[in-house]
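Here are my notes on this model, set out as short numbered points. Please read them with the coordinates open.

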Amino acid sequence: MSLVLPTLLCLGLCLRQSTQEQKGSLPPPHITALPGSMVGSKNPVTILCRGPAEAEVYMITKVGIPEPSDREKQLMSKMTNSFSITDMTPDRAGLYHCSYQSGGSWSQFSDPLPLVMTVSFTQPGTYRCYGVFSRYPHGWSHPSDRLQLQVRAPLAEASDDPDPTNPEPSPEPAAWYPSAENQVRLSLAGLILLVLGMLLAEAWYSRNMPFNGDRQPPGAQYI
């Protein structure tokens, strides 16, 4: 039996395996953002690339830029697996991915990480938003309608030591409106006072009216 065919098959399998290792057959790492991928303007964020224990160096890059050469990879790679952004700006937002080197070979790139800078209420301007579906994570929707955001200047705070030459006007007393229950109580109180007044008036009139017939004034005696 000829040994040529088995030898060629073995060489082909070895060459294929060697080619896959050179192109990055190592398992891809996992990329995350701390404290999160939604970052406010001027806020810090750290991109973390997690690989296996045998990873030697790491490289974190933006998706969309041309893939660096081996020489550029060596210059861009670092022993640390993190990349920190101290102040988040619009040019820092985008998709990031990472890879690592082990045994002279580079791994496959991780899944892309969308780093998004959120809308701040202190920054006026024109804003639009985009959407993405889980089925197509790399495809963004058409932009929304434009939103014009305007920020009003805050009111001046009152001074702790006001100028005595320019006193502030005293607030007017608030008007008091009795409730229905209080109105009933006030009406009953007024009616009671009216009855008492009538009784007192009748008693005073009876005491001071002229005496006729046998009725004698108080203190009078028969002689």
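The points below cover strand pairing, two backbone details, the largest pocket and a surface patch.

1. Status. This is a predicted model. Please keep that in mind for every point that follows.

2. Pairing of β1 and β3. Strand β1 covers residues 30-34, and strand β3 covers residues 45-50. The two run antiparallel and are joined by five bridges. To find the register, start at T32, which stands opposite L48 in β3.

3. Pairing of β3 and β5. Strand β3 also pairs with β5, residues 82-85. How many bridges join them? Four, and again the strands run antiparallel. Here the residue to look at is I47, which stands opposite F83 in β5. Taken together, β3 is bridged to β1 and to β5.

4. A cis peptide. The bond from L34 to P35 is cis. Its omega is near 5°. L34 falls at the end of the β1 range, residues 30-34. P35 belongs to the loop between β1 and β2, the latter being residues 38-39. Please look at this bond when you check the backbone.

5. A positive phi. Which residue other than glycine has a phi near 70°? It is K42. K42 sits in the loop between β2 and β3. This is the second backbone detail to inspect.

6. The largest pocket: volume and centre. The space in this pocket comes to about 670 Å³. Its lining has 22 residues. Nearest the centre lie V116, M117, R128, C129 and Y130.

7. The largest pocket: contributing elements. Four strands give two or more residues each to the lining: β6 (94-102), β8 (113-117), β9 (125-127) and β12 (147-149). Which of the elements gives the most? That is β8, with four residues. Both V116 and M117, among the residues nearest the centre, fall within the 113-117 range of β8.

8. The largest pocket: chemistry. What kinds of residue line it? The lining divides into 15 nonpolar, five polar and two charged residues. R128 is one of the residues nearest the pocket centre.

9. A nonpolar surface patch. L191, I192, L193, L194, V195, L196, M198 and L199 form a nonpolar patch on the surface. Their accessible area together is about 810 Å². Where does L194 lie? It is in helix α3, which spans residues 180-208. Please view this part of the model from the outside too.

Key: Residues numbered from 1 in each chain as written. Predicted model: local features only at pLDDT ≥ 70, side-chain atom pairs only at ≥ 80, totals over all residues. Heavy atoms only, no water. Patch = residues over 30% accessible without salt bridge, like charges linked within 9 Å, V, L, I, M, F, W, Y side chains within 5 Å. Areas by Shrake-Rupley, 256 points an atom, 1.4 Å probe, with all protein chains shown as cover. Salt bridge = Lys/Arg side-chain N within 4 Å of Asp/Glu carboxyl O. 1 Å grid on protein atoms, 1.4 Å probe; cavity = no way out; pocket = protein on both sides within 12 Å on 5 of 7 lines; lining within 4 Å. Points joined across faces, edges and corners; volume = space filled by probe spheres on them. Nonpolar A, V, L, I, M, F, W, Y, C, P; charged D, E, K, R; others polar. Pairing = 2+ DSSP bridges.
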